[in-house]
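Trainee: Could we go through this structure together, one part at a time?
Mentor: Certainly; please have the sequence and the structure open.

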Amino acid sequence: MASAAAVVTINIGGELFQTTSGTLARTGASSPLSSLSPSTPADPHFLDGDPRLFALLLSFLRRGSLPSPPSAALLAEARHFALDAALLASLSPTSAFAPLSLRPSALLPLAGRAAPSAVALCPSPHPASVVVAHGGVVTCFDAAFASRRSVLTPLPAVDSLVAVSPDLAVAGARDFPGVHLCRFSDATAPPEVLSWPGSTSATVLSMAATAVSDAAQLPWLFTSFESARRNSSAVVAFDLNSLTPVAEIGRKEVFGADIEAAIPATKLGWLAGHNLLLAAGSHSGPAGVVGDICLWDVRASSTVPVWEVKEKDDCFADIAASDKLSALFKVGAASGEVFMADLRRLDNGGTIGSEPWMCIGAGQRATAAASSRRKEGNGCMIECYCNWVFVTRGSDVEVWSQVELAPEAGGKKVMRRNWVVSGPSMKVEGSEEGVTENTKIVSWAFGGSRMALARAEKISVEVWDSAPAAICAKS
Amino acid sequence: MGTAGGGRSGTMKQLNVGGKLFSMEASSFPLSLSLDSPSPSPTFVDRDPALLSAVLAAIRAPSSVPGFPARDLLNEALFYGLHDQLLAALSPPPLRGFSASLASILSPASEPFPTALAPHHDGSLCLAHGNGQLTYYSSTLDHHATIRTHLHHVSSLRQLPPSLAVLGSSSAPGLHVYDFLEGRHVASVQWSDPTDTRVSKAKVVAIATRPPADATDKSSPILASFESPHRENCILAIDPVTLKPTQEIGRQSGSAAKSSVPGRVVHLQELGLVFVSSVSGGAFGYSGYMRMWDIRSGNVIWETSEPGGAGRSSRFGDPFADADVDVKQQAIYKVCSKSGDVAVADLRCLSNDPWVYMSSGPRGSGGGYGSVLHCHKSQVFVSRKDGLEVWSRLEEKCGGSGNLTEQPGIKERPKSEGINERNYRSTYMDTEKDAERGMILMMEGGGNRLFVTREDMQGVEVWESSCLSGVISLS
């Protein structure tokens, strides 16, 4: 309800729309709609456009969401009014992410014959665009899955991929030098490569980007480099705004055959709330898998980590850091069980030598598996997103959620496990198209309310969304 | 675009919704907006006109399929003060078992195997499934939230409006209360006895919250049957506000079948009684008891146990497989395990052998093994191995009973005054195709819906009566 003075009448392609200046102000300063002054039906503002599409846009401005995903035509109309960014951001808000409600929502087909090797999702505050590397091509799907743009990189295959914004992704490979920038807005741009100043032929093992709060600003990118001769490694921080290296962290040199003393970081993670960089590497040798986990405070020191632990028994198959839960999580390579290390315990005097890991799965099984040197955790991946921890096991995804008991019932926080959708024991009844036959998960990413999965030998990317569940109609 | 009501112009209200004029009778539009002031121009509201027309159309023609999601329509109706009208229009017609059919299958996104059901009288459903997950569906069966409890298996569940769920597990002790909208553990209740230290870690087997008929009574206790590890059991009355146990009823040793923990607890609030039943089935058939306790005194009012007791000799080898109370009709119904007969006993005149056996209508084969019996909306739903049958009561003609008594061939007069087995009719509710999905494990009625789960079936079936013909076009 509004007083008549604030009512704006607009004539779009011959049809009259009335709204308030307050609603139009939500478009933001760059939109032609935001500056319209109140007007009467006798003297409306005329704007060229499609009235049917504009009705949807006006409904979006009033309610903040769309009833159904937008078409390419609606996105084009929204771009005309500089509304497309807001529209895309509303599609997959991070607040709507609920792992127990994740359902397969879309299958993104890829051009060519190369199966995807890496997927990434744009982090907030950007809309949740999906970036996929297949062969040497990197393709970006917009958050509404209405359009896609591809760029060709000089790499034959991409191993690590970070989506920085809907217009920029960075790609690296284990066997080829340099970090390659993919700018989707301009496919003909000259190639841009970031490399380690200490050794320009160094290959990329892993990458991670810091979190930014402002969409206009680009984050820092941490890249773990290993020299071509595999005798030195370091994590280099780049400022993506200026494309210059800012810091070199934890440089390691191998002398002689003592490889285990200088394991390069194969997994990086950024803990925004703690301003810490997780750098972990593992090495598989004749004595089993050994690993090295470091937490770096980038501002304090680039030579001495804040915390470091050497992994001997049941080394991690994969490791991830959770900001919200203030903990590190790993999957044991031998046991396949999930372990947790509380960051707060590490802070106050958790010294090297004391066991930081606590098994949140079946502890006894983990000990038995570790002592008998099984390899249950081989190929498992772990990732943290919001308040949850996700683990892939072959073709399935399991989720760990934290349950806090009431104070009078002990007030404990416990981690509990579930399968996302079905789990291995249950057969998927062939109703979900394209998801009937599952193969091993090769790469995955989380962003917005979505999870993106790349599976082996599938020339497409599965997108799972935790939108409100649809009711299966009677067949 | 006006939607005109048929009244005089004096009672008309005009509304300008986003540039479209709506006019309707004031009485049909309990708008919260200040429309009373007579102004020359209609009041302007900055909302989507398409949604208001959809809301009005849904209210006028209840059975039509709306073009917008129910959740959006309900949000819009809330603004105009039409929420209750729309909710009534969207909810199913009164449940009549003999004309009900399968309306939809609710399937939660992850681990969709139900372990407990708790519908509410507004037609909403709280569902426990998989490994300790709770999913809440609103009264329009919109998926609302899925939360993880700390329990690994929820085996009994009840709703405590507006947003609490009371649950117990067969694998962990105690009664737990969760807020399913916030995903928070609110409290837990344990059965403890300071004079008997053996009573500890008791598990909850069955829960009864306030009967759906009077949701206004906020002080009616939660009743839960607890069983400690050495099989001693009792029923605890728990205050629904403070969530503390107030009273212990019917403590039993649990050493025999006649004193084992009840698997069904029904609170007969008007009579101040608790009805409990316990059935144990094994290789040699069923045995069980029914018992009624006075809540205030804690005395047994009536009990019967089968096999044994003082039943009719012809029914000696035919113990009941399941029993339930119809609170409104004040009658106990049971289904016999061997013959599959359904029998009724009037609560007002219980005696040694109060049972009236009903024999009319079609009956499924296979006797009553594995039968589930549930009373809802004055109808009795009985599941068989090969189907789901419903017993409905015909309205009795006043003073017309003279004909019946004179009929020859009646060997035994109905024992209880109010019950005449001739007034019951049984019909199949499902088709043969429905029965092929599996044996029915659980049945619960809520509002005008019946929720059914089957063995090895994912999700919950929702059965509703429908006004729509469901015509199939052949052209």
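**Helices, sheets and the chain contact**

Mentor: The axes of helix 2 (residues 70-80) of chain B and helix 3 (residues 83-90) of chain B come within 8 Å and cross at roughly 150°. Please keep in mind that this is a predicted model.

Trainee: How are helix 2 of chain B and helix 3 of chain B oriented to each other?
Mentor: They are roughly antiparallel, because angles over 145 degrees are counted that way.

Trainee: Which residues make the contact?
Mentor: Helix 2 of chain B contributes A70(B), L73(B), L74(B), A77(B) and L78(B), and helix 3 of chain B contributes H83(B), L86(B), L87(B) and L90(B). By class, eight of the residues in this contact are nonpolar, one is polar and none is charged.

Trainee: And chain B as a whole: how many helices and strands?
Mentor: Chain B has five helices and 31 strands. Of its 475 residues, 46% are buried. Among contacts in chain B with a separation of 6 or more, 51% are between residues 24 or more positions apart.

Trainee: Now chain A. Which feature does UniProt place at residues 8-88?
Mentor: The unreviewed UniProt entry gives "domain: Potassium channel tetramerisation-type BTB" for that stretch of chain A. In the model, residues 8-88 of chain A are 40% helix and 17% strand, with the end C-alpha atoms 26 Å apart.

Trainee: At what angle do helix 2 and helix 3 of chain A pack?
Mentor: Helix 2 (residues 51-63) of chain A and helix 3 (residues 72-80) of chain A pack at about 75°, and their axes are 10 Å apart. The two helices are therefore roughly perpendicular to each other. On the helix 2 side of chain A the contact residues are L53(A), F54(A), L56(A) and L57(A), and on the helix 3 side they are A73(A), L74(A), E77(A) and A78(A). Seven of these residues are nonpolar, none is polar and one is charged.

Trainee: Let us turn to sheets. What is the order of the sheet that holds strand 13 of chain A?
Mentor: It is an open sheet of four strands in the order 13-14-15-16 (chain A), paired antiparallel.

Trainee: Why is one side of strand 13 left without a neighbour in that sheet?
Mentor: Strand 13 (203-209) of chain A stands at an edge and has a single partner strand, so one side is left free of a neighbour; the same holds for strand 16 (244-253) of chain A. Neighbouring strands of this sheet are turned by 20° against each other on average, direction ignored. Strand 13 of chain A is joined to strand 14 (residues 220-226) of chain A by six bridges in the antiparallel sense. There, T203(A) is opposite E226(A) of strand 14 of chain A.

Trainee: What about the sheet with strands 9 to 12 of chain A?
Mentor: That is an open sheet of four strands, ordered 9-10-11-12 (chain A), with antiparallel pairing. Strand 9 (160-165) and strand 12 (192-194) of chain A are its edge strands. Its neighbouring strands are turned by 25° against each other on average, direction ignored. Strand 10 (residues 168-172) and strand 11 (residues 179-183) of chain A share four bridges, and V170(A) has L181(A) as its bridge partner.

Trainee: Finally, how many residues does each chain give to the contact?
Mentor: Chain A gives 40 residues and chain B gives 38. On the chain A side, strand 2 (15-20) of chain A provides the largest share, five residues. That side has 25 nonpolar, nine polar and six charged residues.

Terms used: Residues numbered from 1 in each chain as written. Chains lettered and ligands numbered in written order. Predicted model: local features only at pLDDT ≥ 70, side-chain atom pairs only at ≥ 80, totals over all residues. Axes fitted to C-alpha atoms, helices over the stretch in contact; angles between N-to-C directions. Parallel < 35°, antiparallel > 145°, perpendicular 65-115°, else oblique. Contact = placed C-beta atoms within 7 Å. Nonpolar A, V, L, I, M, F, W, Y, C, P; charged D, E, K, R; others polar. Buried ≥ 20, exposed ≤ 12 C-beta atoms within 10 Å, placed from the backbone. UniProt positions renumbered as here; feature names shortened; annotations may be inferred. Pairing = 2+ DSSP bridges.
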